[in-house]
Amino acid sequence: PNLKLLDSLLQETMEEAAAELDTKFQDTERRLDTVAWKVDQLVKVDTEGGESLSAAKLLQNLQEVKKDFSTVVKEVEQLKADQQTAMAAILQEFQTAMGTAEQLKGRLDLPPE
């Protein structure tokens, strides 16, 4: 019964960490899509004779895209760090659960598997 509880807690911890990381990845992916869309708009040539952008406006748009891209890069780096932290926590939980299981097995004097 105690082993089942440990297994359940470990699984719950892993699922929560995975769900949190998945949400962060989806948010970052949306931001990256926005940056890609802005780049497409920046380099798109209007063939319908619409308004042409001045050099100053193009430079302003480019600076905005660079800023957005820099933000996304920082978010990806933070996601990598968060993922490593989550994996370390999950590994620690697993090691603790295994140690507890070994202690329980020793107390019960069960033959080794």
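Visitor: Which residue forms a salt bridge with Asp68?
Guide: Welcome! This model is predicted, and its closest N and O atoms for this salt bridge are 2.5 Å apart. The pair links distant parts of the chain, with Asp68 in helix H2 and its partner in helix H1, 30 residues apart. The partner of Asp68 is Lys38.

Visitor: Which residues are joined into one network by salt bridges that share partners?
Guide: When salt bridges have a partner in common, they can be followed from residue to residue as one network. Here that network is made of Glu20, Lys24 and Asp82.

Visitor: Which residue of helix H2 forms a salt bridge with Lys38, with the closest N and O atoms 3.0 Å apart?
Guide: This pair also links distant parts of the chain, since Lys38 sits in helix H1 and its partner in helix H2, 26 residues apart. The partner is partly exposed, because its relative accessible area is 38%. It is Glu64.

Visitor: Is Lys38 buried, partly exposed or exposed?
Guide: Buried means under 20% relative accessible area and exposed means over 50%. Lys38 has 22%, so it falls in between and counts as partly exposed.

Visitor: What is the N to O distance in the salt bridge of Lys24 and Asp82?
Guide: The side chains of these two residues meet in a salt bridge. They link distant parts of the chain, with Lys24 in helix H1 (residues 2–43) and Asp82 in helix H2, 58 residues apart. From N to O, the distance is 2.8 Å.

Visitor: Which side chain makes a polar contact with the side chain of Asp82?
Guide: Asp82 lies in helix H2, which covers residues 55–108. Leaving aside neighbours within four places in sequence, Asp82 is in contact with Leu21 and Lys24. Its side chain also makes a polar contact, at 2.8 Å, with the side chain of Gln78.

Visitor: Is Val73 buried, partly exposed or exposed?
Guide: Val73 is found in helix H2. Together with Leu32 and Phe69, Val73 makes a nonpolar surface patch of about 240 Å². Its relative accessibility is 31%, so Val73 counts as partly exposed.

Visitor: How far apart are the C-alpha atoms of Lys74 and Thr28?
Guide: Lys74 is found in helix H2, and it is exposed because its relative accessible area is 56%. Lys74 and Thr28 are 46 residues apart along the chain. In space, their C-alpha atoms are separated by 9.9 Å.

Visitor: How far apart are the end C-alpha atoms of H2?
Guide: H2 has 54 residues, and at 1.5 Å a residue they should span 80 Å. The distance in the model agrees with that, because the end C-alpha atoms are apart by 79 Å.

Visitor: How many helices does the chain have?
Guide: Let's step back to the whole chain of 113 residues, of which 13% count as buried. Its exposed surface is about 9200 Å², with carbon and sulfur atoms supplying 57% of that. The secondary structure has zero strands, and the number of helices is two.

Conventions
Residues are numbered from 1 along each chain as its sequence is written. This is a predicted model: local features need pLDDT of at least 70, side-chain atom pairs count only at pLDDT 80 or more; totals for chains, interfaces and linings use all residues. Side-chain values use heavy atoms; hydrogens and water are left out. Helices (H or I, at least four residues) and strands (E, at least two) are DSSP runs, numbered from the N terminus. A polar contact is a pair of N or O atoms within 3.5 Å; within protein, one must be able to donate a hydrogen and the other to accept it, and residues adjacent in sequence count only if both atoms are side-chain atoms. Contact means heavy atoms within 4.5 Å. Buried means under 20% relative accessible area, exposed over 50%, partly exposed in between (1.4 Å probe, protein chains only). Accessible areas come from the Shrake-Rupley method with a 1.4 Å probe; for residues, only the protein chains shown count as cover. The expected span of a helix is 1.5 Å times one less than its number of residues. Patches are made of residues with over 30% relative accessible area and no salt bridge: like charges are joined within 9 Å, nonpolar side chains (Val, Leu, Ile, Met, Phe, Trp, Tyr) within 5 Å. A salt bridge is a side-chain nitrogen of Lys or Arg within 4 Å of a carboxyl oxygen of Asp or Glu.
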